[in-house]
Amino acid sequence: MINQQDEKLLAMLRTNARASISDLARALDLSRSTVQSRMQKLEENGVIKGYSVEYGDAYLSSMVSAHVSIKVKQKLTTKTNIELKYIDAITELYAISGEYDLIALVQAQSLEKLSHLLDDIGNLDGVERTTSSVILETKFKR
């Protein structure tokens, strides 16, 4: 579906989604029109879904992040997933195997706000219980 040049292009966009077509073309040793058509093809084929904002270190260092394991009442799984989707502080939500059903990555501006957020999640009708782990430090991120 994608070739080696496309993989290089994707890696560059993952590093800087705002890179100009000219900069990408220069780094890949391709023409601007070739890079533009490759990007369009990757978008049309669903390889590239969109472009997003990545927070800077200064902003992220002021945030408190945590993993929240969530045990859900089986009959309320769909309803609970929808309710969790509307909590903006939840940046990622995964279905997992094991004792818990979901794991969420949450971000708050302070420990106090994180505490309120955890209460909000725990008070949802479909949530049986939660366990949270505050992230102390990110060693690396890809």
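Is I87 buried or exposed? At 18% relative accessibility, I87 counts as buried, since the cut-off for that label is under 20%. That comes from a predicted model, and the close-ups below all show this model.

**View 1. I87, a buried residue in a loop.** Start with the residue from the opening question. I87 sits in the loop that runs between α5 and β2. Leaving aside residues up to four places away in sequence, I87 is in contact with L117, I121 and L124. For a sense of scale, pick A19 as a second marker: 68 residues separate I87 and A19 along the chain, and their C-alpha atoms are 31 Å apart.

**View 2. Q107 and its polar partner S65.** Here we're looking at strand β3, residues 102-108, which is where Q107 is placed. With a relative accessible area of 17%, Q107 is buried; it gets that label because the value falls under 20%. What does the side chain of Q107 pair up with? The side chain of S65, through a polar contact of 3.4 Å. S65 also turns up in the wider list of residues that Q107 touches, together with Y55, L60, M63, V64, A89, T91 and L117, once residues up to four places away in sequence are set aside.

**View 3. V68 in strand β1.** V68 belongs to strand β1. Its relative accessible area is 0%, and V68 is therefore buried. Who are the neighbours of V68, not counting residues up to four places away in sequence? V68 touches L102, I103, A104 and V106, then L118, and finally T130, T131 and S132. If you want a distance to check in your viewer, try V68 to I90: the two are 22 residues apart in sequence, and C-alpha to C-alpha they are 9.5 Å apart in space.

**View 4. T80 and the backbone oxygen of L76.** Next comes helix α5, residues 77-85, with T80 in it. T80 is buried, at a relative accessible area of 0%. Which backbone atom should you look for beside the side chain of T80? Look for the oxygen of L76, which lies 2.7 Å from a polar atom of that side chain. Beyond residues up to four places away in sequence, T80 makes contact with V72, G126 and V127.

**View 5. Two exposed loop residues, D29 and S97.** D29 is found in the loop between α2 (21-28) and α3 (32-44). The backbone is worth a look here: D29 isn't a glycine, yet its phi is positive, at about 60°. D29 has a relative accessible area of 69% and is exposed, because that label applies over 50%. S97 also has a value of 69% and is exposed. The loop that holds S97 lies between β2 and β3. From S97 you can hop to T130, which is 33 residues away along the chain, with 15 Å between the C-alpha atoms.

**View 6. The largest pocket and its lining.** How much volume does the largest pocket have? About 1500 Å³. Of the 35 residues in its lining, E54, Y55, L60, K141 and R142 are the closest to the centre. Two or more lining residues come from each of α1 (4-15), α4 (57-60), β1 (64-72), β2 (90-95), β3 and β4 (127-135). Which element gives the largest share? That's α1, with four residues. By residue class, the lining has 16 nonpolar, 10 polar and nine charged members. Y55 and L60 also show up in View 2, where both are touched by Q107.

**View 7. The annotated span, residues 6-63.** An unreviewed UniProt entry labels residues 6-63 as "domain: HTH asnC-type". In the model, that span is 60% helix and 0% strand. Its end C-alpha atoms lie 34 Å apart.

Key: Residues numbered from 1 in each chain as written. Predicted model: local features only at pLDDT ≥ 70, side-chain atom pairs only at ≥ 80, totals over all residues. Heavy atoms only, no water. Buried < 20%, exposed > 50% of the residue type's maximum accessible area, 1.4 Å probe, protein only. Polar contact = N/O pair within 3.5 Å; in protein donor to acceptor, adjacent residues only side chain to side chain. Contact = heavy atoms within 4.5 Å. 1 Å grid on protein atoms, 1.4 Å probe; cavity = no way out; pocket = protein on both sides within 12 Å on 5 of 7 lines; lining within 4 Å. Points joined across faces, edges and corners; volume = space filled by probe spheres on them. Nonpolar A, V, L, I, M, F, W, Y, C, P; charged D, E, K, R; others polar. UniProt positions renumbered as here; feature names shortened; annotations may be inferred.
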